[in-house]
Amino acid sequence: MLCVLALLSAIAPLATDMYLPGLPLMTESLNTSAPSVQLTLTTFMAGLGIGQLVVGPLSDGLGRRRLLIGATVVTTLAAMACALAPTVETLIAVRLFQGLSGGAAIVLARACIADRARGDNAARLFSIMMIIGGVAPVVAPLMGGALLGPVGWRGIFWVLTAAGVVMFAGVLILVPETLPEENRHGGGLTALVRNLRYVVGNRVYLGYAFTFMFGFVALFSYISASPFVVQNVLGLSPGQFSMVFAVNAAGMVSAAIVNTRLVGTFHARQLLGFGVTLLLAAGVVLLLAAVLIDSPPWWAILIPLFVSVSSIGFVMGNATALAQGEVTKASGTGSALLGAGQFGLAAVVSPLVGIAGPDTAVPMAVAVPTAGTVAMLSLLVLTRRTHIS
């Protein structure tokens, strides 16, 4: 069940990173412009956020399983429609539906775990899901590049169709309903507003949620800027950049594995505090290296960057579990706000880290410790009344 839920959570990197190598070929094949093809990514990301906001609260009234089945069916059909799209306009529209269903799958996967687990056990499960799902951003572009030659960009969407079939079968066979009827909150606009007020009114939930979101902001700042920093600023080759990206991803996954082993020995909040402290400290070192050293050597940037990225392995799973544990009466709504904030802030930060051009590491070096500072303040100030049990 956990593997299926992790695959559902990985739909975003699979459906974005796999087809990115084929964007130039798509432009030629569909006889269109590069900005038009890039809109297929924009509509997918928009759908991803909207799908979470709509389906999360809806699932608190209708349950998880039926919506999960529907989401996987739509994801599969949308991927098939992308593979068959005759024009870029059709592709743009279909990618919106793929994003909506993908967002639904992500928010429901988190809610299913929150329904079944609490406290340290939830932190362990979310960390395991992060380990499984964390492989997707690394593997997806490599798969896309390998498949592009033999099967073309349409073939990549056929592979995503097959992944949708696997997800549908997995949900059907392995994922039961996790929200009993007696724990549901009816439907309609009144219930939606009540759930939103319940979640947003919980200050401790907001503290953990902001810690989660700004931890992801730090990670996405790195993801968005690192191709330019590593290649243009540090002078490494594309192949060396791939190695750097893989090593950093391995560091994050390894930290998440260590986190799963330490949960129980240490409280999830303690591990979260350690992760945020590590993120902030490494971010400050990164900023000092980028600002104070003229033409910094590779190790002065890459070592604190590795520590920053690895620290996320202690942040995301623990923050998710602690936030969801505060709003157990509306887990779907809580999960929806986590996801919407996560991807919404990521969409904002992506252009900001490139604002000074492709030949400087300073915007990324500013963004990482800034995000770490907001995460630390959220943890210390908004959750200060939480007592470790």
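**View 1. A nonpolar patch sits on the surface of this predicted model.** Let's start on the outside. Seven names are worth finding here: V284, L288, V291, L292, I293, V362 and V366 make up a nonpolar surface patch of about 560 Å². Which helices each supply at least two residues of the patch? They are α12, which covers 268–292, and α15, which covers 362–382. Helix α12 gives the largest share, with four residues. If you're hunting for V362, look in helix α15.

**View 2. Helix α1 packs against helix α6.** Now for a pair of helices. Residues 2–9 form α1 and residues 88–116 form α6, and the two pack at an angle of about 150 degrees. Their axes are 8 Å apart. Is the crossing left-handed or right-handed? When α1 passes α6, the crossing is left-handed. On the α1 side, the contact is made by L2, L5, L8 and S9. On the α6 side, look for A105, I106, A109, C112 and I113. Sort the residues of this contact by class and you get eight nonpolar ones, one polar one and no charged ones.

**View 3. Helix α10 packs against helix α14.** Here's another pair to explore. Helix α10 runs over residues 203–233, and helix α14 over residues 331–352. They pack at an angle of about 35 degrees, and 9 Å lies between their axes. This crossing of α10 and α14 is right-handed. Which residues of α10 meet α14? Among them are the phenylalanines F212, F214, F216 and F220, along with Y205 and M213. Over in α14, the partners include G334, L337, L338, G341 and Q342, and further along L345, A346, V349 and S350. How many nonpolar, polar and charged residues does the contact of α10 with α14 have? The tally is 13 nonpolar, six polar and no charged residues.

Technical notes
Residues numbered from 1 in each chain as written. Predicted model: local features only at pLDDT ≥ 70, side-chain atom pairs only at ≥ 80, totals over all residues. Heavy atoms only, no water. Axes fitted to C-alpha atoms, helices over the stretch in contact; angles between N-to-C directions. Left-handed = near helix turned anticlockwise from the far one by under 90°. Contact = heavy atoms within 4.5 Å. Nonpolar A, V, L, I, M, F, W, Y, C, P; charged D, E, K, R; others polar. Patch = residues over 30% accessible without salt bridge, like charges linked within 9 Å, V, L, I, M, F, W, Y side chains within 5 Å. Areas by Shrake-Rupley, 256 points an atom, 1.4 Å probe, with all protein chains shown as cover. Salt bridge = Lys/Arg side-chain N within 4 Å of Asp/Glu carboxyl O.
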